[in-house]
Amino acid sequence: MALRHHGSLAVLLLLGLAVACVATDFDFFYLVQQWPGSYCDTEAGCCFPGNEKPAADFGIHGLWPNYAACRPDAVTPNKTSCWPDFCNATDTLNPSLIRDLDSDLRGSWGTLSCKRKNSTEFWSHEWSRHGTCSGMGQRAYFRAALELKARLDLTGALRDAGIAPSDKAEYCLGGGGRNETQLYQVYVCVGRDGRTFFFLEYARSISLY
């Protein structure tokens with residue numbers, strides 16, 4: 001019986017190590033931010049929690065672990081994966097762990113989705129899909145994203161370059177109205193430590209017709 005017990009313990013330990021490796025097996029993060037007005041145009045409408053419009057500022061879409069190169073999927077044959085997701089189905093968001101961040105999260109990472117009108121549902125989705133693969137605890141994950149956004153300050157950088165939110169000034173190609181191009185999302189590479197910026201990967205725009 002003792003040998004069987006020790007064998008079971010060894011298997012459990014190995015399974016635990018395997019889960020830990022999967023959860024941290026990535027090369028870098030994408031810090032993804034989006035412009036709220038462009039989101040609303042892209043998604044054919046949006047909803048604001050409490051009917052309060054967001055500030056004229058980039059909002060966080062997510063902090064996403066990614067691979068440097070796509071690889072064969074470990075679970076599904078004949079499929080490639082470019083990022084890990086849903087690394088721990090049992091690790092669901094516990095709102096009490098991020099309660100002290102609630103005000104900052106609502107200001108910088110609020111939902112605009114009509115599907116997920118409650119911001120907590122949005123954060124729960126981001127944690128389940130991406131946060132569980134980050135190697136961080138729940139509070140550390142959301143705190144890291146907030147701190148990265150504050151340090152980067154995309155809106156301030158654009159304002160310093162003479163580009164500020166406006167209903168009249170145009171900074172993109174197009175003739176205005178629905179025939180225009182808008183800046184939608186900005187992807188910035190962050191090291192696995194969740195603190196070190198690498199470079200701006202790309203900015204995603206949308207064309208409206």
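# Notebook: a buried lysine, four disulfides and two unusual backbone angles

I began with K149, which I found in helix α5, and I note at once that the model I was reading is a predicted one. I then asked myself whether K149 is buried or exposed. The relative accessible area of K149 is 9%, and since buried means under 20%, K149 counts as buried. To see what surrounds the residue, I looked up its contacts, leaving aside the neighbours within four places in sequence, and I wrote down L31, Q33, D57, F58, G59, I60 and S108.

**Overall layout**

Next I stepped back to the whole protein, where I counted 6 helices and 7 strands. Reading along the sequence, I noted the order of these elements as α-β-α-β-β-β-α-α-α-α-β-β-β. Of the 209 residues in the protein, 34% are buried. I also looked at contacts with a separation of 6 or more, and 69% of these are accounted for by residues 24 or more positions apart. For the surface, I recorded that the protein exposes about 12,500 Å², with carbon and sulfur atoms supplying 56% of that area.

**Disulfides**

How many disulfides are there in this model? My count came to 4, and when the bonded cysteines are counted along the chain, their pairing follows the pattern 1-2, 3-7, 4-5, 6-8.

I looked at the pair C40 and C46 before the others, and the sulfur atoms of this disulfide are 1.9 Å apart. The link of C40 and C46 is right-handed, with 85 degrees about the S-S bond. C40 has a relative accessibility of 15%, and because the limit for buried is under 20%, I entered C40 as buried.

I went on to C70 and C82, whose sulfur atoms lie 1.8 Å apart in their disulfide, and whose link is right-handed with 90 degrees about the S-S bond. This pair links distant parts of the chain, for C70 is in the loop between β2 (59-66) and β3 (71-72), while C82 is in the loop between β4 (80-81) and α3 (102-108), 12 residues apart. Both cysteines needed a check of their accessibility: C70 is partly exposed at 46%, and C82 is partly exposed at 26%.

Which cysteine does a disulfide join to C87? The partner is C133, at an S to S distance of 2.0 Å, and the link of C87 and C133 is again right-handed, with 105 degrees about the S-S bond. C87 lies in the loop between β4 and α3, and C133 lies in the loop between α4 (119-129) and α5 (138-152), so this disulfide ties together parts that are 46 residues apart in sequence. I noted that C87 and C133 are both buried.

I made one further cysteine entry, for C189, which is buried with a relative accessible area of 3%.

**Backbone angles**

Before looking at phi, I reminded myself that most residues other than glycine have a negative phi. N78 is not a glycine, and yet its phi is positive, at about 60 degrees. N78 lies in the loop between β3 and β4, and its relative accessibility is 87%, so I entered N78 as exposed.

F86 is also not a glycine and has a positive phi, of about 50 degrees. I found F86 in the loop between β4 and α3, and C87 lies in the loop between β4 and α3 as well.

Notes: Residues numbered from 1 in each chain as written. Predicted model: local features only at pLDDT ≥ 70, side-chain atom pairs only at ≥ 80, totals over all residues. Heavy atoms only, no water. Disulfide = S-S within 2.5 Å. Buried < 20%, exposed > 50% of the residue type's maximum accessible area, 1.4 Å probe, protein only. Contact = heavy atoms within 4.5 Å. Areas by Shrake-Rupley, 256 points an atom, 1.4 Å probe, with all protein chains shown as cover.
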